[in-house]
Amino acid sequence: MRIMINGADGGLYYFLSSEMLPAPARRRSNLRGKNVIETVQAGDQACLASAASESAPGFEITAREDFSDVTYLLEVRHPMLARAAAPGQFVIVISHERGERIPLTIADFDRNEGTITLVVQAVGKTTREMQQRCQVGARLSSVVGPMGIPSGIGNARKVVCVGGGLGVAPIFPQLRAFKQSGTYVIGVVGFRNRELVFWEEKFKEHCDEFIICTDDGSAGIKGLVTDGIRVALQRHADIDKLVAIGPPIMMKACAETTRPHGIATTVSLNPIMVDGTGMCGGCRVQVGGETRFACVDGPEFDGHKVDFDDLMSRLRRFSAHEKLALETWSAARRGVTQD
Ligand SMILES: Cc1cc2nc3c(=O)[nH]c(=O)nc-3n(C[C@H](O)[C@H](O)[C@H](O)COP(=O)(O)OP(=O)(O)OC[C@H]3O[C@@H](n4cnc5c(N)ncnc54)[C@H](O)[C@@H]3O)c2cc1C
Ligand code: FES
């Protein structure tokens, strides 16, 4: 089923899968001022579907690249979403009809080709299942978005854009937008070692300076992204903004590095999300002593005001369930493979 509701503003598009939302959410025609313009319910073909035609349900995977044994890129055909996407926004993906919804940042978008790019780290059951199933020509059951408030590129003159772990790809569209707006851009990205480095040329193309940090020093400088930030701070006394995307512990460390310098610091929070519409409360975070919902109030917040310890403890709440889900899926897969 595919229902189109024309939006009034013509600019910001939401594509909602009716199966993903509780009834009250479906009745809600306005998500904090953003019009819901499309409802999509995809069929069972999902990721394993091989016949990719425009009329088939779901969203075709048009390209895939494996950066390492845990990180993979998926390019997905979704022209309306590609037109509406802005830096800092994310989508909620269900890979197949019985799949779990997971939030993923829009790491790139091509309005001419009508595609969006997702870069995924295989950390648990769903992201590993997608790693197995999502090959070129397969289809994602539903892709909801663009969600979240776009990044405020503003009028910063000199900015440091930091990406680490699963935040490396998501920092890219912001970094590019800063560069395109005339800002002096220093990119700082962190990897464990050289083998895991990706998009080096793509980053360099849009950076005035680019600093790679690796744990073992096999590429760039040896150290964490905070060491890269210190290098940038030594070189430039006039940095007026830093944006960091990555694991909460990394973003916390980035915020503590800039705090003494009074540099405005934005972080993109990644709490567990369920509906992504501001209704379930799953993604609540503490910012400046207030409760905010990352899916509709964020995902970007003032890094100097975020309670990272609360975020990290909330991310650990379902560890036992996540472990069990992965073990059960892995055991089922082994069974299939042995047969
Ligand atoms: C706004 C937003 C944007 C995101 N963008 C990306 C992205 O571009 N690429 C990407 O790979 N991931 C991204 N994530 C994280 C991604 O959604 C989770 O890694 C995914 O949901 C895990 O699902 P799973 O079933 O594979 O693992 P699970 O079984 O759910 O979890 C396995 C382990 O992964 C970690 N984990 C789970 N959820 C998160 C989370 N939200 N953030 C960090 N670690 C988590 C935990 O340590 C957990 O033990 C984003 C999250 C949010 C909220
Ligand atoms: S994910 Fe439900 S309120 Fe944000």
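Start by selecting strand S7 (residues 71–77) together with strand S11 (residues 115–121). Seven bridges pair these two strands, and the sense is antiparallel. Keep in mind as you click around that this is a predicted model. For a handle on the register, pick Tyr72 in S7: its bridge partner in S11 is Val120.

Stay on S7 and switch on its surroundings. Is this strand enclosed or open? Five of its seven residues are buried, so S7 is largely enclosed by the rest of the structure.

Now add strand S6 (residues 59–66). S6 and S7 run antiparallel, with five bridges joining them. Follow the chain from S6 to S7 and you go round a hairpin of four residues. Tyr72 turns up again here, since you can colour Asp66 of S6 and find that residue standing opposite Tyr72 in S7. That puts Tyr72 opposite Asp66 and in a bridge with Val120 of S11.

S6 has another neighbour to show. Select strand S12 (residues 139–140), which pairs with S6 in the antiparallel sense over two bridges. The residues to label are Glu60 and Arg139, with Glu60 opposite Arg139 in S12.

Time to leave the strands and go to the helices. Select helix H7 (residues 248–258) and helix H6 (residues 225–235). What angle do the axes of H6 and H7 make? They cross at roughly 25° and come within 9 Å. With angles under 35 degrees counted as roughly parallel, H6 and H7 are therefore roughly parallel to each other. The crossing of H6 past H7 is right-handed.

To see who does the touching, show Val225, Thr226, Ile229 and Arg230 on the H6 side, and Met250, Ala253, Cys254 and Thr257 on the H7 side. Colour that contact by class and you get five nonpolar residues, two polar and one charged.

Keep H7 on screen and swap H6 for helix H9 (residues 308–315). The axes of H7 and H9 come within 10 Å, crossing at roughly 175°. That makes H7 roughly antiparallel to H9. H7 contributes Pro248, Ile249, Met251 and Lys252 to the contact, while H9 brings Phe308, Leu311, Met312 and Leu315. Try the class colouring again: seven residues here are nonpolar, none is polar and one is charged.

To finish, show H6, H7 and H9 together. H7 is roughly parallel to H6 and roughly antiparallel to H9.

Note on methods:
Residues are numbered from 1 along each chain as its sequence is written. Chains are lettered from A and ligands numbered from 1 in the order in which they are written. This is a predicted model: local features need pLDDT of at least 70, side-chain atom pairs count only at pLDDT 80 or more; totals for chains, interfaces and linings use all residues. Axes are lines fitted to C-alpha atoms, for helices over the stretch in contact, and angles run from 0 to 180 degrees between N-to-C directions. Angles under 35 degrees count as roughly parallel, over 145 as roughly antiparallel, 65 to 115 as roughly perpendicular and the rest as oblique. Two residues are in contact if their C-beta atoms, placed from the backbone, lie within 7 Å. Ala, Val, Leu, Ile, Met, Phe, Trp, Tyr, Cys and Pro count as nonpolar, Asp, Glu, Lys and Arg as charged, and the others, Gly among them, as polar. Two strands pair if DSSP finds at least two bridges between them. A crossing is left-handed if the near helix is turned anticlockwise from the far one by less than a right angle, and right-handed if clockwise. A residue is buried if 20 or more other C-beta atoms lie within 10 Å of its own, exposed if 12 or fewer, and partly exposed in between; C-beta atoms are placed from the backbone.
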